[in-house]
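Work through the exercises below with the model open. Try each task before reading its solution.

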Amino acid sequence: MNHAAPPSDSVLWAKADRHLLRYGGDFVRYVPARAEGAFLYDTAGKKVLDFTSGQMSAILGHSHPEIVAVVREQVAKLDHLFSGMISEPVVALAEALAALVPDLPKVMLLSTGGEANEAAIRLAKLVTGKWEIVGFAQSWHGMTGGAAAATYKAGRRGIGPLIPGSYAIPAPNAYRPRFPGISWQQELDDSFDLLDRQCTGNLAAFIAEPILSSGGVIDLPVGYLRALRQKCTERGMLLILDEAQTGIGRTGLMFAFERDGVVPDILTLSKTLGVGLPLAAVMTSDAISAEADARDYLFLTTHVNDPLPAAVGVKVLEIVQRDRLAERAASLGARLAAGLRGLQQRHACVGDVRGRGLLLGLEFDAANGRSAAEISDAVTDTALDLGLSANIVRGAVSGATMRIAPPLTVNEAEIDLGVELLDAAIRRVMQ
Ligand SMILES: Cc1ncc(COP(=O)(O)O)c(C=O)c1O
């Protein structure tokens, strides 16, 4: 085969600047040419430790050999079908997911997180006969209509009306409480009191991430989900949990909701389920599924229940369970958290370390006359120079939080290397 030589960086960037539409700020000035395990490599051979698992998805690391084999095999055997047809991998994945959440045995497979939430919101509206949807003010559920209307972290400006009947309540924030001294239970009670006054009696569902990742890695305190579930039940609302980032072992359990012993009415999975390939799932109960059938639920898409991504999902669940990756996330997460707490002790600009398993947040504080935003930007850039990719999420309430979420297949040495690189980056920035 005749491979054209890769363009030099400056040629590539000139073409990128000329032809790529921006969709979320600047592009990262590092261009991976290949990735393997927890590392990215550019054409010059620069190696970067991927502490964001791509877009918080690649829990098996990059190009896991068994995933590569399944993709090759399945694309050659049965790739894509008429949307009304089913196939063996689709049934196998639905069965495997149902075995993990026996209360939610009805499964639909889609491509993206936004799409799964769109389908979940549509399902909740149809079966309740109501249309008002509530989310957290720091949420991210996706860019499609209904998902975007329930996303309050960003993206609400300049696009005309969103969906009427969309409401937000603040997520509890232990590090930077909105009302210091007020318990999360009181804050939740007040929020629902306000909600009851604003809504028109048509509350269909609450949609929540168990850990608000893009919102600043805000972990809902133990007991919160149960209290939220109770608020929903009292109002005849469904609870939709979006485990795009927290599902499939990431937090040390297969699903984050297991910690709280609360099963949602509808569960959406995406990112981690396909380990970087476009696969999402909506899961619900027999009762909701029966009501949806009775009311002619429609969510027909080109890639619904496609065999290729489904075969990937089957293999992902097999590997995660076989290799006990949820337990691994718990133990390696403890090692990573200890390392990050060491940084907190050494550096005044590290204000808080939080999260669960291998989904951790490191929040920067202002220090030495520099703002948290300024410090976090400089640390991220310096870390990348040194060979570590991590990203910062900003919020009105949460200052500047670095999200740290390496693949679950990462090893101890890679965890320690990540902490060392971050330490060096902070040291260099704060000198
Ligand atoms: C919790 C959560 N839900 C949904 C989405 C949207 O997923 P997608 O970008 O695949 O549509 C994201 C993406 O960042 C997310 O973090």
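Helices are DSSP runs of H or I with at least four residues, numbered from the N terminus. This is a predicted model.

**Exercise 1. The ligand shell**

Find which helix gives the largest share of the shell around the ligand, and sort the shell residues into nonpolar, polar and charged.

Solution.
- Step 1. Collect the shell: 14 residues surround the ligand.
- Step 2. Pick out the closest. These are T112, G113, G114, G142 and A244.
- Step 3. Assign the shell to elements. Helix 5 (residues 113–128) gives the largest share, with three residues.
- Step 4. Sort by class. The shell holds 10 polar residues, two nonpolar and two charged. Gly counts as polar in this sorting.

**Exercise 2. The sheet and its edges**

State the strand order of the seven-stranded open sheet, and explain why strand 4 and strand 6 each have one side without a neighbour in the sheet.

Solution.
- Step 1. Read the order: 4-12-11-10-7-5-6, with mixed pairing.
- Step 2. Go to the edges. Strand 4 (106–110) and strand 6 (166–169) each have a single partner strand, so one side of each lacks a neighbour in the sheet.
- Step 3. Add the twist. From one strand to the next it averages 20 degrees.

**Exercise 3. From strand 7 to strand 12**

Give the sense of each pairing from strand 7 to strand 10, from strand 10 to strand 11 and from strand 11 to strand 12.

Solution.
- Step 1. Strand 7 (residues 203–208) runs parallel to strand 10 (residues 238–242), over four bridges. Here A208 faces L241 of strand 10.
- Step 2. Place the helix. Helix 8 (residues 224–234) packs on the sheet and touches strand 7 and strand 10. Its direction makes about 145 degrees with that of strand 10.
- Step 3. Strand 10 and strand 11 are also paired in the parallel sense, over three bridges. I240 has I266 of strand 11 as its bridge partner.
- Step 4. Strand 11 pairs with strand 12 (residues 280–284) in the antiparallel sense, over four bridges. L267 stands opposite M283.
- Step 5. Check the faces of strand 11 (residues 266–269). I266 and T268 are buried on one side, L267 and L269 on the other. Both faces are covered.

**Exercise 4. The whole chain**

Why can the protein chain be called as compact as a globular protein of its length?

Solution.
- Step 1. Count the elements: 13 helices and 17 strands.
- Step 2. Compare radii. The radius of gyration is 22 Å, close to the 22 Å from the globule rule for 431 residues, so the chain is as compact as a globular protein of that length.
- Step 3. Add burial. Of the 431 residues, 47% count as buried.

Methods. Residues numbered from 1 in each chain as written. Predicted model: local features only at pLDDT ≥ 70, side-chain atom pairs only at ≥ 80, totals over all residues. Near = placed C-beta within 6 Å. Helix = DSSP H or I, 4+ residues; strand = E, 2+ residues; numbered from the N terminus. Pairing = 2+ DSSP bridges. Axes fitted to C-alpha atoms, helices over the stretch in contact; angles between N-to-C directions. Contact = placed C-beta atoms within 7 Å. Rg over C-alpha atoms; globule rule 2.2 N^0.38 Å. Buried ≥ 20, exposed ≤ 12 C-beta atoms within 10 Å, placed from the backbone.
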